[in-house]
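This report describes how helices meet between chains, how two copies are related, and how one chain is built. The sequence and structure come first.

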There are 4 protein chains.
Amino acid sequence: MRTILGICGSPRRDNTYLALREAGEGAGSVEGADFRIIELRSLRIEPCRGCLRCSQEGATAERPCPTHDDDFGPALAASLVEADALVMASPVYYGSVTGLVKNFMDRTEPLLRYSTSSLQFGLRNKVGGGIAVAGNRNGGQETTLQAIHHWMLIHDMIVVGTVSDGLPGCYLGAALTTYPVGRRPKAVREDTLGLAASRAVGRRVAEVASWVPRAAGRCPSSADGDSFR
Amino acid sequence: MRTILGICGSPRRDNTYLALREAGEGAGSVEGADFRIIELRSLRIEPCRGCLRCSQEGATAERPCPTHDDDFGPALAASLVEADALVMASPVYYGSVTGLVKNFMDRTEPLLRYSTSSLQFGLRNKVGGGIAVAGNRNGGQETTLQAIHHWMLIHDMIVVGTVSDGLPGCYLGAALTTYPVGRRPKAVREDTLGLAASRAVGRRVAEVASWVPRAAGRCPSSADGDSFR
Amino acid sequence: MRTILGICGSPRRDNTYLALREAGEGAGSVEGADFRIIELRSLRIEPCRGCLRCSQEGATAERPCPTHDDDFGPALAASLVEADALVMASPVYYGSVTGLVKNFMDRTEPLLRYSTSSLQFGLRNKVGGGIAVAGNRNGGQETTLQAIHHWMLIHDMIVVGTVSDGLPGCYLGAALTTYPVGRRPKAVREDTLGLAASRAVGRRVAEVASWVPRAAGRCPSSADGDSFR
Amino acid sequence: MRTILGICGSPRRDNTYLALREAGEGAGSVEGADFRIIELRSLRIEPCRGCLRCSQEGATAERPCPTHDDDFGPALAASLVEADALVMASPVYYGSVTGLVKNFMDRTEPLLRYSTSSLQFGLRNKVGGGIAVAGNRNGGQETTLQAIHHWMLIHDMIVVGTVSDGLPGCYLGAALTTYPVGRRPKAVREDTLGLAASRAVGRRVAEVASWVPRAAGRCPSSADGDSFR
């Protein structure tokens, strides 16, 4: 059994959420995959202040951030560490993920290599893919997917795209658009290309996650970290 | 006289602020340029909820967002519209701008072409450049500068880099690092390359801004917008 | 009078060429703009060998590359230096410009700041915009436009996007697709959105080029280049 | 036993080659990994003409391109298909891979999903990582690594970065620079940070490749390709 966590980064429950549910369909086609969605819009996540206290003062899963006592701890930190794979889905705001998603990303610092907490290496070796939904046809979906991948690679994750046998619309991940329908709720229902790509991302993430040995998760690398100093 | 607005996107007053002050030095070397800094860390800016009410309900400079009554209105909207150029400076968090900066970017929606308010086209034809400061040597400075440029181009701004006669460290804008000193306050003081690039960005932005005719600002384009529908 | 040079980076004369002709239409709507197209497909341009002889041995406009005696010199170098603005148009091959375009870009080294030839600063202060045409809907147009911008900023050019009053399809530049028609010649004729964006890029480039003072061209910057070393 | 193929995209045998050899060291630390290098500089690879004959006319491993009878076929195509993982190393030329590398990338079309040859899906499920070497400190290493990743994801590869327990210099892959030594042969020998990152990339690619089941290679996906049409 592998758990795939879909993170919905829209402040609204509409198009991005629909796309992410399709990813769940795709993941469901892989044996032993369990998919569930967390919506960031219903959580309060303060912007990171860059104080680095989480790395220095021994953060915990219950209280990963010594500065902000908000929903990142109880609702997110443990779920992230327990998951085997992530599908990060975001509307495109100004060529990248939403502020909601960025605030979330920035707060994952206690899961990074620099952490002194039990959350250290919290996302290492997990498999990740992205979904981006824009009002314009070529409205920043690609750069948003790259921003998602960048965050994933910083966390030592393994990145996949939209494996397909046909034209997937976008190779980096699922790229959806509400064009030409307009920025209306449910508009992506018309985007059959983008919805198929969302399914492909979900399936791909689940497939590759099934190959990663359980023992691999969160191990420190064999590298001599000091050589980077 | 041209006003260059430096926007500091760090939650702390240290390395990014120091880099931005160097940009001010550079801008100051261009005749008729006036430089001032706004620090986002001292403002409360809620994440955009994507409700699009700012486009639909007639936002004003005093209250640009019908949903959030926070510091974006009184402290930022009018200053942005009045400026002739912007230098956007951000620490690199997970390969892109900070959540603080992203929240700010997302909230500039009432200044966009889709706005029905007096803020419409609020950043059109302004000149822009970027500064990015990272703890790693190649820790996302380039992708952060591209994210800044993307936001600027969405606003129909004019984008410039680090014009120089020598090796500028980075051509996209100023790329600074606190490596190998470590993520300490003032660590960029050791990064003479990055500080020189910051001055170059400030000077370049001021230079090109001096070429843009005052009348150009905020004019609707001559394009038939309908042709994009 | 300002000369806008359209560079067509397709190995074939079809979709990218059609898009670039639209950019010419757009440029033509700006008073005093003269637009002409150079097609790379009809030129022989060898890949750069990285020997740096062009920087070290005094290249000339007639023979900009001491190593390769091909079409870059007679057909391109002088035209680039004489132009006031560029529109670079490329099909998307594997998420970026074609090898044809990349070979061209790499060979512009004698026009760079490090050159010891009369071509030095050959593209500085010119205005630039991009056009990208892909078979997939979100098939790398954005990353191709960013690659074009990156090359332009390295040459100290001034970068613009697709200024518009409506939804331009892509804000970074013109993004066209042959989807869902298929990768057939002339398929972009169906892409009214992309063709309108191409016109917008041509017009924008011509507009901003008309603001850049003639005297600005190719001046060394006022920066102390030594400060970068 | 897994074969990791290091592709050296420099027209010269110096810094990029040295970095790639370090990746070989890293790969060698993983049991059962076999590493070998192909240098593109010693091969003649013509730019792709976009004729699509390789997809339409039944290319073969011996003659993957019906148009160009050059070194791509005998020297490269079969080696690519047989490898389990790739490390792509390129000097940074104008913010991206060299023309040499781009010509190579463009010519891998017969290995893509659209191919009708025995080379179809030739790179699917292989693991990939990147190395980029620039003369400037922040001179395009990140965007070059993203360009490499983009090509890999188009080929349905699995992308990894520089897993480490310390500051790796760059998280996207190995980022090296010859600054401040200067663009001299062997200059990267001074860049201990970049060389350590190169070893990390080699090791990471070999590690993840050891997890991918042999049977996974080149299988068509379970997706209904038609749904993308």
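## Contact between chains A and C

Helix 5 of chain A and helix 5 of chain C are roughly perpendicular to each other, because angles from 65 to 115 degrees are classed that way. In this predicted model, the two helices, each covering residues 141-154, pack at an angle of about 85° with their axes 7 Å apart.

On the chain A side, the residues that meet the partner helix are Gln141(A), Glu142(A), Thr143(A) and Gln146(A). Their counterparts in helix 5 of chain C are Gln141(C), Glu142(C), Thr143(C) and Gln146(C). By class, this contact holds six polar and two charged residues, and no nonpolar ones.

## Relation of chains A and D

Chain D is superposed on chain A by a rotation of 180° with 0.0 Å of shift along its axis, at an RMSD of 0.0 Å. The two copies are thus related as by a two-fold rotation axis. Val159(D) has the C-alpha nearest the axis in chain D, 2.5 Å from it. Both copies use the same surface: 100% of the contact residues of chain D recur in chain A.

## Build of chain A

Chain A has six helices and six strands. Read from the N terminus, its elements follow the order β-α-β-α-α-β-α-β-α-β-β-α.

The C-alpha trace of chain A spans about 50 × 35 × 30 Å along its principal axes. Its radius of gyration is 17 Å, which agrees with the value near 17 Å for a compact globule with 229 residues. Of the 229 residues in chain A, 71% are buried. Among contacts in chain A with a separation of 6 or more, 77% are between residues 24 or more positions apart.

Note on methods. Residues are numbered from 1 along each chain as its sequence is written. Chains are lettered from A and ligands numbered from 1 in the order in which they are written. This is a predicted model: local features need pLDDT of at least 70, side-chain atom pairs count only at pLDDT 80 or more; totals for chains, interfaces and linings use all residues. Side-chain values use heavy atoms; hydrogens and water are left out. Axes are lines fitted to C-alpha atoms, for helices over the stretch in contact, and angles run from 0 to 180 degrees between N-to-C directions. Helices (H or I, at least four residues) and strands (E, at least two) are DSSP runs, numbered from the N terminus. Angles under 35 degrees count as roughly parallel, over 145 as roughly antiparallel, 65 to 115 as roughly perpendicular and the rest as oblique. Contact means heavy atoms within 4.5 Å. Ala, Val, Leu, Ile, Met, Phe, Trp, Tyr, Cys and Pro count as nonpolar, Asp, Glu, Lys and Arg as charged, and the others, Gly among them, as polar. Copies are superposed by least squares on the C-alpha atoms of residues with pLDDT of at least 70 in both. The radius of gyration is taken over C-alpha atoms; the globule rule is 2.2 Å times the number of residues to the power 0.38. Buried means under 20% relative accessible area, exposed over 50%, partly exposed in between (1.4 Å probe, protein chains only).
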